[in-house]
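Reader: I would like a careful, close look at a single part of this protein, with its wider setting described afterwards for comparison. Please explain any cut-offs as you reach them.

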Amino acid sequence: MTAFVSPPLGTTANGTTADGSSATGASADGIWHGLQLAEGLAVADAAMAPTARASIVVQQGQIRWVGPDAAVPPAWQHLPHRQGAGALATPGLVDCHTHLVYGGQRANEFAMRLAGATYEEVAQAGGGIVSSVKATSAATEDELFAQAAPRLQALLAEGVCAIEIKSGYGLALEHERKQLRVARRLGEVFGVTVRTTFLGAHALPPEYAGRSQDYIDLVCNDMLPALAAEGLVDAVDVFCERIAFTLSETEQVFQTAQWLGIPVKLHAEQLSDMGGAVLAARYGALSCDHIEHLSAEGIAAMKAAGTVAVLLPGAYYTLRDTHLPPIQALRDAGVPMAVSTDHNPGTSPALSLLLMANMACTLFRLTVPESLAGVTTHAARALGLQDSHGLIASGRPANFVLWPVAAAAELAYWFGHKPPCTIVRQGRVYGDAA
């Protein structure tokens, strides 16, 4: 059997070289033996006792079979054998809400908030999203790539196998295009599934002050159609909030997305109940995100539409919010709850999805199984990737992580420490078994 080995000298934990360039992992083809399967996150092809060790068969980058070690079909026995030594197998993690591509940083705003300024006051003082727009607009594509790559590497090293990256720090066609092009490039260079989301309606550019309708017309008539035609848009998002865009403006963007055949999602009910979740559900939204002020009507609409609730504890923590999302009501209604980093320079500069799983448990009172499903199965659904990510099952691309832990609870228990892990991403091996 092939034992787990350390990555090549000069290679980082996620399979990239020390200078930040891409390093293609070795093929994951083979029989991965001696594994624990995370409960509820894997589908076996043969009956398994709860404590039985499992095998995952990978061939040509696809999972071909999952089941007990002792029942691996003879047809696969010619493949290389890899000993998992009791590691816990989970699906590859999915970070379903990020703003990963941007210029500069906003540590000064963190200090302002600590001194007492509110989210709205920071924005009114010229900070907030608009300050990132200035830095992003001034950067070249190569500069944005160079800044975003280490952020992505940190997430990949922790087992992320799919990620959403939004635009929204351009607020002009050329700069929104630049962000989305960088997002696509990141996926190609690092061999990770990237879903791009157009968030042109993120904030009102200063030059459009008092003319929000004119800007929304620009988004709908020029920016979104052009970027969609270039194949840069997988989904469309809007920041529907009292400091951003109204329900009617949001619906205009959704109508344009619907006409173009692009799914929608929404920054909803973060600071107040705008009724955005009900609107988003009416358009079959993939997800509603933040949702601290989500109403019972919004929950019912999301349940009926199959819309995922995306919890963002990093922003809740950074903003020192005290208004909890309606977790029990979502749980009672059976609305799937995803968890994400919301990585962004202003309100959630987080680069650990496992830390977000911990925060979802400690701040929002999710159970361990809920938090792990939140960063895998439900997160994949929030990106429309439920048929390829978020579950270990035969017939899917090989995206899974092996963790040297005794129990799944350890993944949400430890924080401030990245456990060593073996990552199979798009059928290639990274990390400790590269």
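Leaving aside its neighbours within four places in sequence, which residues is valine 182 in contact with?

Author: Valine 182 is in contact with Val101, Glu141, Leu144 and Phe145 once its neighbours within four places in sequence are left aside, where contact means heavy atoms within 4.5 Å. Before going further, please keep in mind that this is a predicted model, in which local features need pLDDT of at least 70 and side-chain atom pairs count only at pLDDT 80 or more, while totals for chains, interfaces and linings use all residues. Residues are numbered from 1 along each chain as its sequence is written, and side-chain values use heavy atoms, with hydrogens and water left out.

The place of valine 182 is in helix H5, which covers residues 173-190; helices (H or I, at least four residues) and strands (E, at least two) are DSSP runs, numbered from the N terminus. Valine 182 counts as buried because its relative accessibility is 1%, on a scale where buried means under 20% relative accessible area, exposed over 50% and partly exposed in between (1.4 Å probe, protein chains only). To place valine 182 against another part of the chain, alanine 235 lies 53 residues away in sequence, and the C-alpha atoms of the two are separated by 16 Å.

Helix H5 also holds arginine 177, and this residue gives a useful second view of the helix. With a relative accessible area of 23%, arginine 177 is partly exposed, whereas valine 182 is buried. Again leaving aside neighbours within four places in sequence, the residues in contact with arginine 177 are Leu227, Glu230 and Leu232. Serine 340 is 163 residues from arginine 177 in sequence, and the C-alpha to C-alpha distance between the two is 24 Å.

For comparison with a strand, isoleucine 56 may be taken, which lies in strand E3, residues 54-59. Isoleucine 56 has a relative accessible area of 0% and is therefore buried. Not counting residues up to four places away in sequence, isoleucine 56 touches Gly30, Ile31, Trp32 and Leu35, then Ile63, Trp65 and Ala89, and finally Ile392 and Phe400. Histidine 97, by contrast, is 29 Å from isoleucine 56, C-alpha to C-alpha, although the two are separated by 41 residues in sequence.

Another helical residue to set beside these is phenylalanine 110, which lies in helix H1. Phenylalanine 110 counts as partly exposed because its relative accessibility is 43%. Between phenylalanine 110 and glutamate 158 there are 48 residues of separation in sequence and 26 Å in space, C-alpha to C-alpha.

Two loop residues deserve attention for their backbone angles. Most residues other than glycine have a negative phi. Glutamate 269, however, has a positive phi of about 50° although it is not a glycine, and this residue is found in the loop between strand E11 (266-268) and helix H8 (276-282). The relative accessibility of glutamate 269 is 1%, so it counts as buried. Arginine 320 likewise shows a positive phi, near 55°, in a residue other than glycine, and its place is in the loop between helix H10 (313-318) and helix H11 (327-333). Here the surroundings contrast with those of glutamate 269, since arginine 320 is exposed, with a relative accessible area of 53%, and glutamate 269 is buried.

All of these residues belong to the wider fold, which can now be described. The secondary structure of the protein chain comes to 15 helices and 17 strands. The radius of gyration of the chain is 21 Å, close to the 22 Å that the globule rule gives for 434 residues, so the chain is as compact as a globular protein of that length; this radius is taken over C-alpha atoms, and the rule is 2.2 Å times the number of residues to the power 0.38. The C-alpha trace spans about 70 × 50 × 45 Å along its principal axes. Of the 434 residues in the chain, 57% are buried, valine 182 being one example. Among contacts with a separation of 6 or more, 71% are between residues 24 or more positions apart.
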